[in-house]
Amino acid sequence: MNAKSGLWRWRSNPLRRREDVVEAWLVLAVWIVVVAGGAVVGVLTARAAGDVFTAQRAHRHPVRAVLLADAPRDTAAAWPADGLVRATVRWTAPDGTTRTGDTLVDNGLRAGARLVVWQDDHGGLSPTKPTNPTEGAIEAALFGATAALAVAGPVYGAGVLGRAWLDRRRLARWDREWDLVEPRWGHRTG
């Protein structure tokens, strides 16, 4: 009984209106796009993000560095949060050359402090260490879910607007039909 009542707009009957058929097709199309499109976009985004995180792990390497000047103690003036400040360090690149550059370090470190920084395959400093496999999988899944919602949300919203427009059309048609039928009954109600 429940499946039959859900498919009434698809069956031929004298009470079925054109708007009912359009609404049935609209609902079907919206759900196909929401489910299938959202799933495809979510999976593709999650895979792409996972590939990026894997590439970061493959191309970022830890290297020992030396802090060249005292790191500022004032965390209020720090560029990012979490007590990190920008400071200049010296390290050895993969080709054996000594390089200097700015990176984020803990505030209050003294000049000469030894620390670990992350460099790419060409010896350039990376601002952050790569995500570990677990963090990468979680972040990739979150990116995928966000992408799926970014596809599903507007499509669902368009479906809601389409159904509201169809409801207005049905009510307007009903009003027109009532204006034709009501005078035959003799007594005006409104």
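These numbered points go through the fold, the sheet, the side-chain pairs and the surface of a predicted model.

1. Overall make-up. The protein chain has three helices and five strands. From the N terminus, the elements run α-α-β-β-β-β-β-α. Two helices therefore precede the strands, and one follows them.

2. Burial and contacts. The protein chain has 190 residues, and 24% of them are buried. Its exposed area is about 13100 Å², with 62% supplied by carbon and sulfur atoms. Take contacts between residues at least 6 apart in sequence: 62% of these join residues at least 24 apart.

3. Sheet order. The five strands form an open sheet, in the order β3-β2-β1-β4-β5. Pairing is antiparallel. The edges are β3 (98–106) and β5 (125–126), each pairing on one side only.

4. The β1/β4 pair. β1 covers residues 61–67 and β4 covers residues 114–119. Six bridges join them in the antiparallel sense. For a register check, look at Val-66: Arg-114 in β4 stands opposite.

5. The β2/β3 hairpin. β2 (residues 84–92) runs antiparallel to β3, and nine bridges join the two. Here Thr-88 stands opposite Asp-102 in β3. Five residues separate the strands of this hairpin. In the turn, Gly-96 has a positive phi of about 95°.

6. Aromatic pairs. The structure holds two. One of them is Phe-53 with Phe-143, a stacked pair at 6.4 Å centre to centre, with 25° between the planes. Phe-53 belongs to helix α2 (residues 18–59) and Phe-143 to helix α3, so the pair ties together parts 90 residues apart in sequence. The two rings differ in burial. Phe-53 counts as buried at 9% relative accessibility, whereas Phe-143 is partly exposed at 43%.

7. A salt bridge between loops. There are ten salt bridges in the structure. Among them, Asp-70 and Arg-110 meet through their side chains at 3.4 Å, N to O. Asp-70 is in the loop between β1 and β2, and Arg-110 is in the loop between β3 and β4; the pair therefore ties together parts 40 residues apart in sequence. Asp-70 is partly exposed, at 44% relative accessibility.

8. Salt bridges within α3. Arg-170 and Asp-167 meet at 2.6 Å, N to O. Both lie in helix α3, three residues apart, about one turn of the helix. Arg-170 is buried, with a relative accessible area of 9%; Asp-167 is partly exposed, at 37%. Arg-173 and Glu-177 form another salt bridge, with their closest N and O atoms 3.7 Å apart. These residues are four apart in helix α3, so about one helical turn separates them. Both count as partly exposed, Arg-173 at 26% and Glu-177 at 42%.

9. A charged network. Salt bridges with shared partners join Arg-17, Asp-20, Glu-23, Arg-163, Asp-167 and Arg-170 into one network. The Arg-170 and Asp-167 pair of the previous point is thus part of it.

10. A nonpolar patch. Leu-171, Trp-174, Trp-178, Leu-180, Val-181 and Trp-185 make a nonpolar surface patch of about 710 Å². Trp-178 lies in helix α3 (residues 133–181). Why can Trp-178 count towards a surface patch? Its relative accessible area is 36%, which makes it partly exposed, and patch residues need over 30%.

Note on methods:
Residues are numbered from 1 along each chain as its sequence is written. This is a predicted model: local features need pLDDT of at least 70, side-chain atom pairs count only at pLDDT 80 or more; totals for chains, interfaces and linings use all residues. Side-chain values use heavy atoms; hydrogens and water are left out. Two strands pair if DSSP finds at least two bridges between them. Patches are made of residues with over 30% relative accessible area and no salt bridge: like charges are joined within 9 Å, nonpolar side chains (Val, Leu, Ile, Met, Phe, Trp, Tyr) within 5 Å. Accessible areas come from the Shrake-Rupley method with a 1.4 Å probe; for residues, only the protein chains shown count as cover. A salt bridge is a side-chain nitrogen of Lys or Arg within 4 Å of a carboxyl oxygen of Asp or Glu. Buried means under 20% relative accessible area, exposed over 50%, partly exposed in between (1.4 Å probe, protein chains only). Contact means heavy atoms within 4.5 Å. Rings of Phe, Tyr and Trp (its six-membered ring) pair if their centres lie within 6.5 Å; planes under 30 degrees apart count as stacked, over 60 as edge-to-face and the rest as tilted.
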